[in-house]
Amino acid sequence: MHFQRIFFLCSLFFLLIAARASAAENIQLTAASAILIEASTGRVLFEKAADAPRFPASTTKMMTCVLAIEEGDLSSIITVSRTAAETEDTEIGAGDRFVLAELVAEMMLRSDNGASVAIAEDLAGSVDAFAAHMNEKAKAIGAKDTHFVNPNGLPDKAHISTAHDIAYIAAYGMKNPKFRSFVGAKEREITWVTPEKKRALMTNTNRLLGTYEGATGIKTGYTDAAGGCLAASARRGGVELIAVVLGAADENVRFAEAVKLLDMGFRRVKAAPAYTKTDLMQKVWVKGGKEGRLAVYPAEDLRLPLVDGEAEENYRLTYDLPRVIGAGITEGERIGDLVVYHGGKELTRIPLLAEKSIARGWSLEGLWAYVIGLFA
């Protein structure tokens, strides 16, 4: 009986290990490259040739959208050039005028290639200059194996990225509410400034919106050279996932394989209780200012993804933050970073932003901060 009990316990132990291993679900995909990440930390949950160079097709437009939001004035009016109007697969004409926000929506929902050229020309003067800016931004957010030569992903042998980099760009964009509003719209009526009163209802090419539970975006892509491409996101129970599929056999396969990835992710991942911005608040000394102390908060709340039943203790949070800074701080300015580690590896950095502005001047605390700075 004693031996039978030991045998039963051992069998149960190995069954539990096998069950946990099977939770990883080494699923089979036909797409050339794919990746699944948890959106807030960038933690990789599944990958297939995720760092192999691929043509990204219209997933490129995510970066064009990011720059339009960050560098452009969405209320400004753009006149479409002949070059933009003659771009392959566009519904805009030379001389047409749009509010920039409408042109961005046309680009992101319908995937209009001419709209992306018009945006590039308006923001940087030319497609080449804009592509250089795209590459600078890509590297700044961690997409180091990407090289863009145009704002739309039309085929060019030098225009390449990876599934991993496209996921980086997608996750970066999804932290911006304006980006989310563009990529999450199932449909939108686009309005021209000129011709006056011209309108057109655009349906998003991402058919997961409205059909997949919790879908939040993001961008489709397809060319003969690239195959079916898709960056798809969805949110359930406090967990947001991003799946990227590149080089799928056709437009239908890209959706099916993204769904397969997202379904697997939601089976495996749960969210730990949220750390609010207040929970993660820190203070720094400010020398030479009218106030001597400044609170800094992360740019977003933090919910750590727990994969396959793991413990929250697998994560470690640290602050990359100076002890003393100089005055002349503007509200919302980035002062440092909250750094999230998992298993000893840095996963992500969340900007720590100034709670308020502090002008140069005099205060007793500011003087004390200067003394502290001498020994920091």
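Start the tour at Val 324, which counts as buried at 17% relative accessibility, because the cut-off for buried is under 20%. The model on screen is predicted. Val 324 sits in strand 15, residues 324-326. Now add Lys 287 to the selection. The two residues are 37 apart along the chain, and their C-alpha atoms are separated by 6.9 Å.

**Stop 1: the open sheet**

Select strands 1, 2, 7, 8 and 9. These five strands form an open sheet. Read across, their order is 2-1-9-8-7, with antiparallel pairing. Which strands stand at the edges? Strand 2 and strand 7 (215-223) do. Each has a single partner strand, so one side of each is left without a neighbour in the sheet. From one strand to the next, the twist averages 5°.

**Stop 2: strand 1 and its partners**

Narrow the selection to strand 1, residues 33-38. Six of its six residues are buried, so the strand is largely enclosed by the rest of the structure. In a regular strand the side chains alternate between the two faces of the sheet. Show the side chains here and check both faces. On one side are Ser 33, Ile 35 and Ile 37. On the other are Ala 34, Leu 36 and Glu 38. Both faces are covered, and these residues are all buried.

Next, bring in strand 9, residues 239-248. Six bridges join strand 1 to strand 9, and the two run antiparallel. Centre on Ile 35: Val 244 in strand 9 stands opposite.

Turn to strand 2. Strand 1 pairs with strand 2 over four bridges, again in the antiparallel sense. Pick Ala 34 and find Lys 48, its bridge partner in strand 2. Strand 1 and strand 2 form a hairpin, with five residues between them. Within that turn, select Gly 42, which has a positive phi of about 75°.

**Stop 3: the other edge**

Move to strand 7. Seven of its nine residues are buried, so this strand too is largely enclosed by the rest of the structure. Add strand 8, residues 227-236. Strand 7 and strand 8 pair over eight bridges in the antiparallel sense. Zoom in on Gly 217; it stands opposite Ser 233 in strand 8. The two strands form a hairpin with three residues between them.

**Stop 4: Ser 58**

Select Ser 58. It is found in the loop between strand 2 (44-48) and helix 2 (61-71). Is this residue buried or exposed? At 9% relative accessibility, Ser 58 counts as buried. Show side chains and look towards Lys 61: a polar contact of 2.6 Å joins the side chains of Ser 58 and Lys 61.

Now display what surrounds Ser 58, leaving aside neighbours within four places in sequence. Ser 58 is in contact with Ser 111, Asn 113, Asn 152, Lys 219, Thr 220, Gly 221 and Tyr 222.

**Stop 5: helix 4**

Follow the contact to Ser 111. This residue comes just after helix 4 and takes a positive phi of about 70°. Select the helix itself, residues 100-110. How many of its residues are buried? The count is 11 of the 11, so helix 4 is largely enclosed by the rest of the structure. The buried set includes the charged-type names Glu 102, Glu 106 and Arg 110. Among the others are Leu 100, Val 104, Met 107 and Met 108.

**Stop 6: the aromatic pair**

The model holds one aromatic pair. Select Phe 98 and Trp 192. Their ring centres are 4.9 Å apart and their planes stand at 45°, so the pair is tilted. The pair links distant parts of the chain, 94 residues apart. Phe 98 is in strand 4, residues 97-99. Trp 192 is in the loop between strand 5 (187-191) and strand 6 (199-203). Phe 98 is buried, with a relative accessible area of 0%. Trp 192 is buried as well, at 4%.

**Stop 7: arginines over rings**

Finish with two more selections. First show Trp 285 with Arg 293. Arg 293 lies over the face of Trp 285, at 4.2 Å from the ring centre. Then show Tyr 341 with Arg 316. Arg 316 lies over the face of Tyr 341, at 4.4 Å from the ring centre.

Terms used: Residues are numbered from 1 along each chain as its sequence is written. This is a predicted model: local features need pLDDT of at least 70, side-chain atom pairs count only at pLDDT 80 or more; totals for chains, interfaces and linings use all residues. Side-chain values use heavy atoms; hydrogens and water are left out. Buried means under 20% relative accessible area, exposed over 50%, partly exposed in between (1.4 Å probe, protein chains only). A polar contact is a pair of N or O atoms within 3.5 Å; within protein, one must be able to donate a hydrogen and the other to accept it, and residues adjacent in sequence count only if both atoms are side-chain atoms. Contact means heavy atoms within 4.5 Å. Rings of Phe, Tyr and Trp (its six-membered ring) pair if their centres lie within 6.5 Å; planes under 30 degrees apart count as stacked, over 60 as edge-to-face and the rest as tilted. A charge sits over a ring if NZ of Lys or CZ of Arg is within 6 Å of the ring centre and within 35 degrees of the ring normal. Two strands pair if DSSP finds at least two bridges between them. Axes are lines fitted to C-alpha atoms, for helices over the stretch in contact, and angles run from 0 to 180 degrees between N-to-C directions.
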